[in-house]
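Q: I would like a close look at one part of this protein, followed by how that part sits in the rest of the chain. Please keep it plain.

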Amino acid sequence: MTDQPQELDLSAILDERPESDPTRRIYANGNLDMSKIEVVGFDMDYTLAMYHQHAMNELSIQATVDKMIASRGYPEEIRDAKLDHDFIIRGLVVDKETGNIFKMDAHRHVGRCYHGYQKLGDAERQKEYGTRPIRLASDRYHWVDTLFSLPEATLLAGLIEHYEGNDKELPWSYRQLFDDIRHCIDEAHADNTLKAVILKDLARFIQKDTDLAPALHRLRSAGKRLFLLTNSEHYYTEGVMSFLLDGEMPFYRTWQDYFDLILVKAAKPRFFNKDQPFIELDSEGEPVGEAKTLKRGLIYEAGNNRTFEKEIGVTGNGILYVGDHVYSDIVRSKKAGVWRTALVIQEMEENIRFTHENMLALKRIHNLEEAARRIEDSINYHLTLLKSLGRMEQLLGRLTGPESHVVERARDSAREEVENKRATHVQVLEELETLESSVDRTFNPYWGRLFREGNDRSQFGAQVQAYAGIYTSRVSNFLAYSPNQVFRSPREVMPHERA
Ligand SMILES: [Mg+2]
């Protein structure tokens, strides 16, 4: 007789780690072993520097409206539009043809859709978009995939509502209006209108995170080299980074000491797919000439990932890049150089908090969905049974005697069963709809949950899952983890393996 191996008591092991705050955790889509990462790079805007979104929206919209009036002949009236700064979230799509703004599911089908602040009904939405997936590359659509682009969509929706909501005809085509907004906002970024205001009052626009410097220091003290790779210009980078890091830790004279290489005005995604040369800058940010090699303590402009990898002597898999823009930071860097990727999603803290606050309701939603599915199966079963009984009656012809009653009784009871189930089904669906829309409203009154649409992940959620190795709400969350942490994705479960 063989001894049964004794079951190890796991409770001590599983209880050991204190539950960390879920809003500040780092989540993994794939496994990432930080001990294999030699070099960690950071984007600046919305990654190391977290902006106060409301203040940024207001500033960008103000500058855009000023430019539309001054240089594009728009009337003063556009200042009167009531703007809802909570209306636009990341992951929405602007339809330049119709002025509609919609959210997509993981398969790029149009879900919730608004015109101005008015929600389109199912029939109307169906008529416009049918069931075809949206081709995002088309010139007709503009994807709002960074927090930088929330203001332009906010302004478009507000202006459509201002005119059409008051029964006035919009004096411009939707496309022209949106293109003008985009043009003016780009100009405000390019001619430093916005940056000049931000630099004068950094605390109003940028969140100071006192854990940021220690988090970077912790990575460095484990022997990792850090670099900064931003699209912002030298002078702006200097202002923002000094605000974030100068004087935060002993032994670091300025923010530059945290980084082994500093690359500004990198023109991502071109940095990842074109061979731009590196330009060396002097301490004033003036170009000195093309750089032959990359040195610590100097600042470079432009550049490309292939030369960069050669210079630091580390290939893609040893580099982790942390950014906030799914396309130009994450998708491109992953495709071009197989860099490992971390995505910063500022909205996650609020999102996770709402998820926890609504946990009971979300469980109930899950159970209601499961109940609806089972009732549907049962209704189908009884309908099939009814058909077979009907056929049986026909085959047997006009029956007399006890047999006829048996078949008839079976049909009656199946019919009754179908009716009962249908009534329950209606009840379940009603509760589901009411509960789901009330939960969705707590996340966002217009769009519901950032990572979900209908029964599916949202397109934004699907992109995060497909391209971000790990994702988290802010860079300083690294502080709570060992610099050699192995981030593990949840075990993949196939439908037939679920409990
Ligand atoms: Mg950024």
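In what order do the five strands of the open sheet with antiparallel pairing stand? Please take that sheet as the starting point and work outward from there.

A: The model is a predicted one. In the five-stranded open sheet, the order is β8-β7-β6-β5-β9, and the strands pair in antiparallel fashion. The edge positions belong to β8 (118-119) and β9 (141-144); each has a single partner strand, so one side of each is left without a neighbour in the sheet. At the β9 end, strand β5 (residues 92-95) is joined to β9 by four bridges, and these two strands run antiparallel. One pairing can be given by residue: aspartate 95 has tyrosine 141 in β9 as its bridge partner.

The domain assignment puts residues 53-202 in domain 2, alongside domain 1 (24-48 + 207-347) and domain 3 (352-449).

Next come the helices, beginning with α2. Helix α2 (residues 53-72) and helix α5 (residues 174-190) have axes that come within 8 Å of each other and cross at roughly 110°. At that angle α2 counts as roughly perpendicular to α5. The crossing of this pair is right-handed. From α2, the contact uses Ser60, Ala63, Thr64, Lys67, Met68 and Arg72; from α5, it uses Asp180, Ile181, Cys184, Ile185, Glu187 and Ala188. Sorted by class, this contact of α2 with α5 holds six nonpolar, two polar and four charged residues.

Helix α2 also packs against helix α6 (residues 193-200), here at an angle of about 140° and with the axes 10 Å apart. That angle makes α2 oblique to α6. The crossing of α2 with α6 is right-handed. On the α2 side the residues are Leu59, Ser60 and Ala63, and they meet Thr193, Leu194 and Val197 of α6. The contact of α2 with α6 has four nonpolar and two polar residues, and no charged ones. Ser60 and Ala63 are listed in the contact with α5 and also in the contact with α6.

The view can now be widened to the neighbouring domain. Between domain 1 and domain 2, the C-alpha centres are 31 Å apart. Their contact draws 11 residues from domain 1 and seven residues from domain 2. On the side of domain 1 that touches domain 2, α9 (234-245) and α12 (326-337) each supply at least two residues. The most comes from α9, with four residues. By class, that side of domain 1 has six nonpolar, three polar and two charged residues.

A second open sheet may be set beside the starting one. This sheet has 10 strands in the order β1-β20-β17-β16-β3-β11-β12-β15-β13-β14, and its pairing is mixed. Its edges are β1 (27-28) and β14 (287-290); each has a single partner strand, so one side of each is left without a neighbour in the sheet. Within this sheet, strand β3 (residues 39-42) and strand β11 (residues 225-229) run parallel and are joined by four bridges. Glycine 41 finds its bridge partner in β11 at phenylalanine 227.

To return to the starting point, the sheet with the order β8-β7-β6-β5-β9 is antiparallel in its pairing, whereas the sheet of 10 strands is mixed.

How values were computed:
Residues numbered from 1 in each chain as written. Predicted model: local features only at pLDDT ≥ 70, side-chain atom pairs only at ≥ 80, totals over all residues. Axes fitted to C-alpha atoms, helices over the stretch in contact; angles between N-to-C directions. Parallel < 35°, antiparallel > 145°, perpendicular 65-115°, else oblique. Left-handed = near helix turned anticlockwise from the far one by under 90°. Contact = placed C-beta atoms within 7 Å. Nonpolar A, V, L, I, M, F, W, Y, C, P; charged D, E, K, R; others polar. Pairing = 2+ DSSP bridges. Domains from an automatic or database assignment.
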